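Reader: I have a new structure to get through and no background on it. Can we go over it piece by piece?

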Amino acid sequence: MTTETAPAALTTRPPTTPPLRERLGDNKVLGFIGRLIVQRPMGAFGAAICIVLLLTGVFADVIAPEGYNAINPIDRLKPPSAEYWLGTDQLGRDLFTRIVHGAQLSVIVAFAATSLSIVISAVIGITSGYFGGRFDMASQRVVDGWMCFPDLIILIVAVSVLGPGTWQVILILGLLFGISGSRIVRSSVLSVKQNIYIHAAQSMGASTLRILVMHILPNVMAPIIVLFTTRLAAVILAESGLSFLGLGIPPPAPSWGGMLSLDGRSYMFQAPWLAIVPGVALTVAVFGINMFGDALRDMLDPRMKGVGSGRYVAAVRRDRPSSRQSTGGTAQ
Amino acid sequence: MGSYLLKRVLALIPTLLIASVLVFSVVRLVPGDVLDLMLSENDYSASSHDTRADLEKALGLDDPIYIQYVNWLGDIVLHGDLGESLWRNTSVNQEIADRLPVTVELGVLSLLIALVIAIPVGVYSAIRQETLGDNLGRSFSIVALAVPNFWLGTMVVILPAMWWGWSPPNTIEPFFSDPIENLKVFLVPSLILGASLSAVVMRMTRTMMLEVLRQDYIRTAWAKGLRERKVVLRHAVKNAMIPVITLVGILVPILFGGTVIIEQIFRLPGIGQLLLDSVSNRDYPIITGIFLISGVMVMVVNLLVDLCYGLLDPKVRYDD
């Protein structure tokens, strides 16, 4: 039981998590990368996938200069070959080119929507947690109301209001994940604001804004970073799901989900690579982000160790009166 | 217990009210579109109304939005009436009632399959940590978390059709007249949805079991000389299940979303298809109805989840 993957219960950690900076050691970045590779090889593998995805996205035009919508009717539905590495679709467009540009689209949507959601989560979570009282009550009831609805149903309805399109999808996904993520930030704020240094700042007469930005925010960065990585994968999956239903990013944009959509179904029977390739791309991307996110979570936020992706953890560990009583003997 | 239940139900009311405002206003952010759509398509219900204003009045869309809200909410609270479809001249209640059984059956079957796979494998994984079985189980859950269920569904529709000319059946017999034929239709879609849900449950079960197995009372149970069966099943599993039950509550909305996608792939006439049709027609009453029903279902499940804690853990008392 002394392997590096010792279970949560065996690793004794101080009850209050030290700030992010301390845990990363002196040489922050190098030390972190080193520990990631040694302690969490799967996480490092996931990080490698993320880097490849990112680079593919950034250099899409260099890797596949053809253009994702270059139609070539003579070469319709060609199987993978030396000329078309991954084959062509029903319009004779090179699938490899479309996958590469799809990576770009996924990266853009994922980063934009996740960043937006993190900002929303941080603003709602920090203000609601810090001010408490009636404001907290009111905002948490709205979050409750919002969170009773299935994500996909909110997404479908919202897209129907705003219309399909890249910006609409980013906006909606950002809002959706932002509101649900605010819970995680809020619960961290609730414990951070009990610290002496917050009281010290208050008694020194620091302005509220200063306390929120200079004292609270840096100390809830660990859960925010973890939230960011887990949301990236969720955003990619949600975007592809919407595009799959024909409600996300409209064609001819090369969304991986859109390539799998029902419109192309009839061609997939003749050309199975049309169904296989985008799915593999999606799976690998999500897999890589998940692995990296898990490793990051274990290293940055030990309280959440090993309990699946962030949203489930947050919600399960959320302070429910009844579960708090019941797990009194087992948790921690 | 009774007063706890009452309190919980009363506490749902403000949440429901906020939810209903969200539902009602979000859906109506772009007003008038349905009128344009109806007039341009010369729908049967539009043909008797010459002008846009007539049509607006006939559909009750000419009142200010807060009046519309009060009317809508009043009908729901007083008569349980979700309104009339703008397109089909049928009641929303009827439309939803027709479709709901398909979605519920798909959802319940998927959840059952997920739990039946996940809990035993998760428990086994934890009591035989770092063995081949554990690693296989964990690998499965890692992969299943990454595979989008709509892709899995698409592959299941396409590959067998290519190789053996088999395609999943989609004419639904009512469950009570022909359960076998009925289950044949639902089996494959539920397996796909269940597999992707099971990954999360499996991980949670394993983690919680690992945590519980290191508690003092488990050591005591071992020290008493109890057999492994008894230690695991009676002492460990029961305690590890509490967070898993919470997780199931969280999975229900995700499951609902999953059924929308799976229904599309397998062409099952459930709520998901109704929703997508209504969205493309901007049939607000149906959209709001589905929206609200899904929210209420999630709330009810969460309430049931909270009540389940008491069954598993006698320490839980519902008296605060």
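Reader: Where is the place of A:Ser180 in chain A?

Author: A:Ser180 sits in helix H8 of chain A. Keep in mind that this is a predicted model.

Reader: Buried or exposed, that A:Ser180?

Author: A:Ser180 has a relative accessible area of 16%. The cut-off for buried is under 20%, so A:Ser180 is buried.

Reader: What does A:Ser180 touch, not counting residues up to four places away in sequence?

Author: With those residues left out, A:Ser180 touches A:Met147 and A:Arg231.

Reader: Now A:Ser117. Which helix is that in?

Author: A:Ser117 belongs to helix H5 of chain A, residues 95-131. A:Ser117 counts as buried because its relative accessibility is 1%.

Reader: And which residues is A:Ser117 in contact with, leaving aside neighbours within four places in sequence?

Author: A:Gly174, A:Phe177, A:Gly178 and A:Arg231. A:Arg231 is also touched by A:Ser180.

Reader: What lies 2.9 Å from a polar atom of the A:Ser117 side chain?

Author: The backbone oxygen of A:Thr114.

Reader: Switching to charges. How many salt bridges does the structure hold?

Author: Over all chains there are 10 salt bridges.

Reader: Give me one in chain A. What does A:Asp144 meet in a salt bridge?

Author: The side chain of A:Arg183, at 2.6 Å from N to O. This pair links distant parts of the chain: A:Asp144 is in helix H6 (residues 133-147) and A:Arg183 is in helix H8 (residues 166-192), 39 residues apart.

Reader: Why does A:Asp144 count as partly exposed, and why is A:Arg183 buried?

Author: A:Asp144 counts as partly exposed because its relative accessibility is 21%. A:Arg183 is buried because its relative accessible area is 12%.

Reader: On to chain B. What does B:Asp134 form a salt bridge with, at 3.6 Å?

Author: B:Arg138, with 3.6 Å between the closest N and O atoms. The two are 4 residues apart in helix H7 of chain B (residues 132-146), so about one helical turn separates them. B:Asp134 is buried, with a relative accessible area of 0%, while B:Arg138 is partly exposed, with 28%.

Reader: Which residue meets B:Asp134 in a salt bridge of 2.9 Å?

Author: B:Arg206, and the 2.9 Å runs from N to O between the side chains. B:Arg206 lies in helix H9 of chain B (residues 179-213) and B:Asp134 in helix H7, so this salt bridge ties together parts that are 72 residues apart in sequence. B:Arg206 counts as buried, at 12% relative accessibility.

Reader: Which residues are joined into one network by salt bridges that share partners?

Author: A:Asp89, A:Arg93 and A:Arg98.

Reader: Let's stay with chain B but look at H12. How many residues of helix H12 are buried?

Author: 8 of the 11 residues in helix H12 of chain B (residues 271-281) are buried, and the helix is mostly covered. Among the buried residues are B:Ile271, B:Gly272 and B:Leu275.

Reader: What do those buried residues pack against?

Author: They pack against helices from both chains. Chain A gives helix H7 (151-162), and chain B gives helix H6 (92-127), helix H11 (228-266) and helix H13 (284-312).

Reader: And what follows H12(B)?

Author: B:Arg282, with a positive phi near 50 degrees.

Reader: Which residues of chain B carry the UniProt annotation "transmembrane region"?

Author: The unreviewed UniProt entry gives that annotation to residues 9-30, 106-127, 139-166, 186-205, 240-266 and 286-312 of chain B. In the model, residues 240-266 are 100% helix, and their end C-alpha atoms lie 36 Å apart. Residues 286-312 are also 100% helix, with 39 Å between the end C-alpha atoms.

Reader: Last topic, the surface. Which residues make the nonpolar surface patch of about 720 Å²?

Author: A:Ile51, A:Leu54, A:Leu55, A:Val58, A:Phe59, A:Val62, A:Ile63 and A:Phe111.

Reader: Which helix gives the most to that nonpolar patch?

Author: Helix H3 of chain A, with 4 residues. Helix H3 (41-58) and helix H4 (60-63) of chain A each supply at least two.

Reader: Why does A:Val58 count as exposed?

Author: A:Val58, which is in helix H3 of chain A, counts as exposed because its relative accessibility is 53%. The cut-off for exposed is over 50%.

Note on methods
Residues are numbered from 1 along each chain as its sequence is written. Chains are lettered from A and ligands numbered from 1 in the order in which they are written. This is a predicted model: local features need pLDDT of at least 70, side-chain atom pairs count only at pLDDT 80 or more; totals for chains, interfaces and linings use all residues. Side-chain values use heavy atoms; hydrogens and water are left out. Patches are made of residues with over 30% relative accessible area and no salt bridge: like charges are joined within 9 Å, nonpolar side chains (Val, Leu, Ile, Met, Phe, Trp, Tyr) within 5 Å. Accessible areas come from the Shrake-Rupley method with a 1.4 Å probe; for residues, only the protein chains shown count as cover. A salt bridge is a side-chain nitrogen of Lys or Arg within 4 Å of a carboxyl oxygen of Asp or Glu. Buried means under 20% relative accessible area, exposed over 50%, partly exposed in between (1.4 Å probe, protein chains only). UniProt positions are given in the numbering used here, feature names are shortened, and annotations may be inferred rather than shown by experiment. Contact means heavy atoms within 4.5 Å. A polar contact is a pair of N or O atoms within 3.5 Å; within protein, one must be able to donate a hydrogen and the other to accept it, and residues adjacent in sequence count only if both atoms are side-chain atoms.
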